[in-house]
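Me: I would like to learn how to read the features of a protein structure. Could we go through one together?

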Amino acid sequence: MSTQPGAEVLRYTAFSADPDGGNPAGVVLDASGLDDTAMLAVAAELGYSESAFLTAPDGHGGHTVRYFSPKAEVPFCGHATVAAAIALAERDGPGDLVFSTPAGTVPVTVVREGDELRATLTSVEPHITDAAPEDLAEALAALDWPAAGLDPALPPRVAYAGARHLVLAAASRERLADLSYDFARLEAFMHRLDLTTVQLVWRESDSVFHVRDPFPVGGVVEDPATGAAAAAFGAYARELGLVPDDAVLTLHQGADMGRPGTLTVELRPGDARIRVSGTGTRIG
């Protein structure tokens, strides 16, 4: 797919080595000839939750990267970062990259593990804020979730690691699986709070979580695998003392959509930043 000469649009999936799993993203490795309108048009034509557009390579692994959903530009996108890094590694070989994003500088390392490439991104500095009771009530109303369906051990918070996400924890896997929400109402709520997704999570064990991410502000019902939200969740889990400072968490996402993927979240003592890693592969 190419919208104009010199703008080759690649398609990759992230957080799965199966083209039918994980989260698809468009990747333009040379977007120097595209303006904002053209980038948005590419993202809209693809219809994926986000696409990554790279410019200004410095010859040392550095690139300027912008991310567009079908409806708008977003400050940071984890799965499109992984997809772009794997695309670069396939072209140039594995190694270290530095992405300059609207949210800040994001280092990425790509390594080969057998027949697969795995990319690890390091988030910008995260922060966590409380969720106002009235905002929680509106989110639950838009989701059609009862307050009794939440897990009191994982209280609601707004978490940021490049983009803002409202974290809501379901008390059961069945509650998480039952997702049928008011698209317009949740979209309006998220715009008001400047949220990129709502991260819905169920804790299976000390270090294993299942997550889902409604994404109406991006023009899609649900994101199949959300790297930015995974980074934000890592910061949330550490801030609330749910996991140790040196934890490695496994997040399963996309199974309810028929696109299973796995995100690995790493916390390191003395470093507030969160590392998110996963495999990826070209589609088609």
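Reply: Yes; keep in mind that this is a predicted model. We begin with the largest nonpolar core, which has 85 residues.

Me: Which of the 85 residues in the largest nonpolar core touch the most other members?

Reply: They are Tyr67, Phe99, Leu168, Phe233, Leu249, Leu251 and Val276. As for where the core comes from, its largest share is nine residues from helix α2, residues 78–92. Apart from this core lies another of 14 residues, including Val9, Val28, Leu46 and Phe68.

Me: What is leucine 251 in contact with, leaving aside its neighbours within four places in sequence?

Reply: Leucine 251 is in contact with Phe209, Val211, Ala230 and Phe233, and also with Gly261, Thr262, Leu263 and Val265.

Me: How do I read a pair of aromatic rings?

Reply: A pair of aromatic rings is described by two values, the distance of the centres and the angle of the planes. In this structure a search of the whole model finds five aromatic pairs. Take phenylalanine 53 and phenylalanine 68: their ring centres are 5.7 Å apart and their planes stand at 85 degrees, so this pair is edge-to-face. An angle over 60 degrees is what earns that label.

Me: Where in the chain are phenylalanine 53 and phenylalanine 68?

Reply: Phenylalanine 53 belongs to strand β3 (residues 50–55) and phenylalanine 68 to strand β4 (residues 62–68). They are 15 residues apart, and the pair links distant parts of the chain.

Me: Are phenylalanine 53 and phenylalanine 68 buried or exposed?

Reply: Both phenylalanine 53 and phenylalanine 68 are buried. Elsewhere, ring pairs join Phe209, Phe233 and Tyr236 into a cluster.

Me: Next, empty space. What is the volume of the largest pocket?

Reply: A pocket is open, while a cavity is a space that the probe cannot get out of. The largest pocket here has a volume of about 220 Å³. It is lined by 17 residues, of which Val74, Asp194, Leu195, Thr196 and Val217 are the closest to its centre. The elements giving two or more residues to this lining are β5 (73–74) and α5 (183–193). By type, the lining of the largest pocket divides into nine nonpolar, five polar and three charged residues.

Me: How many cavities of 30 Å³ or more does the structure hold?

Reply: It holds one. The largest cavity contains about 50 Å³ of space. Among the residues that line it are Glu50, Phe76, His79, His165, Asp223 and Thr226. At least two lining residues each come from α2 and from α6 (227–239). Three residues of the cavity lining are nonpolar, seven are polar and two are charged.

Me: How do I read relative accessibility for one residue?

Reply: Under 20% is buried, over 50% is exposed, and values in between are partly exposed. Leucine 166, in strand β11 (residues 164–169), is buried because its relative accessible area is 3%. Leucine 240 is in the loop between α6 and β15 (248–253), and its 24% makes it count as partly exposed. Alanine 148 lies in the loop between α3 (133–143) and β10 (157–160); at 73% it counts as exposed.

Me: What do leucine 166 and leucine 240 touch, not counting residues up to four places away in sequence?

Reply: Leucine 166 is in contact with nine residues' worth of names, including Ala131, Ala139, Val158, Phe189 and Leu195. Leucine 240 touches Pro155 and Arg157.Me: How do separation along the chain and separation in space compare?

Reply: Both can be stated for a pair of residues. Leucine 240 and proline 224 are 16 residues apart in sequence, and their C-alpha atoms are 26 Å apart in space. Alanine 148 and alanine 170 are 22 residues apart along the chain, with 9.2 Å between their C-alpha atoms. For leucine 166 and isoleucine 128, 38 residues apart along the chain, the C-alpha separation is 9.8 Å.

Me: What should I look for in the phi angle?

Reply: Most residues other than glycine have a negative phi. Alanine 56 has a positive value, near 50 degrees. Its place is in the loop between β3 and β4, and at 52% relative accessibility alanine 56 counts as exposed. Aspartate 144 also has a positive phi, of about 60 degrees, although it is not a glycine. Aspartate 144 sits in the loop between α3 and β10 and is exposed, with a relative accessible area of 59%.

Terms used:
Residues are numbered from 1 along each chain as its sequence is written. This is a predicted model: local features need pLDDT of at least 70, side-chain atom pairs count only at pLDDT 80 or more; totals for chains, interfaces and linings use all residues. Side-chain values use heavy atoms; hydrogens and water are left out. A nonpolar core is a set of buried Ala, Val, Leu, Ile, Met, Phe, Trp, Tyr and Cys residues joined through side-chain atoms within 4.5 Å. Buried means under 20% relative accessible area, exposed over 50%, partly exposed in between (1.4 Å probe, protein chains only). Helices (H or I, at least four residues) and strands (E, at least two) are DSSP runs, numbered from the N terminus. Contact means heavy atoms within 4.5 Å. Rings of Phe, Tyr and Trp (its six-membered ring) pair if their centres lie within 6.5 Å; planes under 30 degrees apart count as stacked, over 60 as edge-to-face and the rest as tilted. On a 1 Å grid over the protein atoms alone, a cavity is a set of points where a 1.4 Å probe fits but cannot get out, and a pocket is an open set with protein on both sides within 12 Å along at least five of seven lines; lining residues have an atom within 4 Å of a point. Grid points are joined across faces, edges and corners, and a volume is the space filled by probe spheres set on the points. Ala, Val, Leu, Ile, Met, Phe, Trp, Tyr, Cys and Pro count as nonpolar, Asp, Glu, Lys and Arg as charged, and the others, Gly among them, as polar.
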